[in-house]
Protein chains: 2
Amino acid sequence: MTAQEDSLKLDSMLCFAVYAAGHAFTRFYKPRLDALGLTYPQYLVFLVLWEADGLTVKSLGERLFLDSGTITPLIKRLEGRGLVRRERDSEDERQVLVFLTPQGRALREKALAVPLAVRTALAGEREAVDTLRLGLQKLRASLDEQSGR
Amino acid sequence: MTAQEDSLKLDSMLCFAVYAAGHAFTRFYKPRLDALGLTYPQYLVFLVLWEADGLTVKSLGERLFLDSGTITPLIKRLEGRGLVRRERDSEDERQVLVFLTPQGRALREKALAVPLAVRTALAGEREAVDTLRLGLQKLRASLDEQSGR
DNA sequence: TATTTTTCACTTGCACGCAATTGAATTGCG
DNA sequence: CGCAATTCAATTGCGTGCAAGTGAAAAATA
């Protein structure tokens, strides 16, 4: 096997580990978030909003690395359920500010139980976490090695 | 701030780091995969098929942690482009076997360039990789601490 | 053997995720 | 000031991702 072919195998392990980990994480949160009626990305939006209300769609997107094509419909769904309120900024009519409604704020109380529950569920998954950790360690090492030449 | 509220903040860092890393990875691959005309999950399917041809839809899904609702249409799109061939298993008519076509096999030559190109692009992202690594380390530690009691 | 259960691929419906485009508002430049 | 360039949210189109349900085939059980 050539070195190039070998790197294709390495690639398959590395990129796959990160890819799979992202989805696995989502799956772990799902049962807990179902209780809140939120999806994983919606939960992330609330984690941001509970810290700081009245952000623009753009700044929300920047914090979560999501673009308006994803954020806009997501926020509209939350608005439809009465969890957030959208308001055009009178200072700059291009922008839309997102505020929590009382219900959206109230959701935080229920959400407080989520992190512990997820951590408990993850307790049986040490191996998977380690696999990903080691994969990243290898990736990191290979980056150093590569630029070291 | 209560311990519970604090854990909500920790949660926001941890789950977000893994979430964002998955998408960031996808974005890194995108430009190189565009050259092959493949999406990231399609690339993963080929990484598997280049190693072992003629798998069932089910076993493909198991390896990639994707269910048939995702795999089936994905494979059909690849079939439509002449990169794979689907064939019902005569031994067990429930199953569908996926084979590479000559074009699908030929794609591998182009793909050999992908891993190095991605690694080069990632060279400037040591910090991001480290952030994720450290986040996982903390998560791992908190799992030990929790079950240690 | 006849019937129930299980296993598969497939489909539908919904929610992302992102590229590309649109249109309105603002900014910047001559 | 006036016009071009930029910024922003929204929309469209396509490809995942997954839950829930369908129907055919095989396996298990009576």
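**Exercises: DNA strand D and a two-chain protein**

Let's warm up with one contact: in this predicted model, a polar side-chain atom of A:Lys76 sits 2.9 Å from a phosphate oxygen of DNA strand D.

**Exercise 1.** Work out which other residues of chain A reach a phosphate oxygen of DNA strand D, and with which atoms.

*Solution.*
- Step 1: try side chains. A:Arg27 puts a side-chain N or O atom 2.4 Å from a phosphate oxygen of DNA strand D.
- Step 2: try the backbone. A backbone N or O atom of A:Lys58 is 2.9 Å from a phosphate oxygen of the strand.
- Step 3: place the surface in elements. Those giving two or more residues to it are helix 1 (3-34), helix 3 (57-64), helix 4 (68-80) and strand 2 (84-88) of chain A, plus helix 2 (40-51) and helix 4 (68-80) of chain B.

**Exercise 2.** Describe the residues that surround DNA strand D and the part of the strand they meet.

*Solution.*
- Step 1: count them. There are 29, and the closest include A:Arg86 and B:Gln42.
- Step 2: look at the DNA side. Of the strand D atoms within 4 Å of the protein, 80% belong to sugar and phosphate.
- Step 3: sort the residues by type. You get twelve charged, ten polar and seven nonpolar.

**Exercise 3.** Find how chain A maps onto chain B.

*Solution.*
- Step 1: superpose. A turn of 180° with a shift of 0.0 Å along the axis lays chain A on chain B at an RMSD of 0.1 Å.
- Step 2: name the symmetry. The two copies are therefore related as by a two-fold rotation axis.
- Step 3: locate the axis. In chain A, the C-alpha nearest to it belongs to A:Gly22, at 2.7 Å.
- Step 4: compare the contact surfaces. Both copies use the same one, as 100% of the contact residues of chain A recur in chain B.

Conventions
Residues numbered from 1 in each chain as written. Chains lettered and ligands numbered in written order. Predicted model: local features only at pLDDT ≥ 70, side-chain atom pairs only at ≥ 80, totals over all residues. Heavy atoms only, no water. Near = heavy atom within 4 Å. Polar contact = N/O pair within 3.5 Å; in protein donor to acceptor, adjacent residues only side chain to side chain. Helix = DSSP H or I, 4+ residues; strand = E, 2+ residues; numbered from the N terminus. Nonpolar A, V, L, I, M, F, W, Y, C, P; charged D, E, K, R; others polar. Least-squares fit on C-alpha atoms with pLDDT ≥ 70 in both. Contact = heavy atoms within 4.5 Å.
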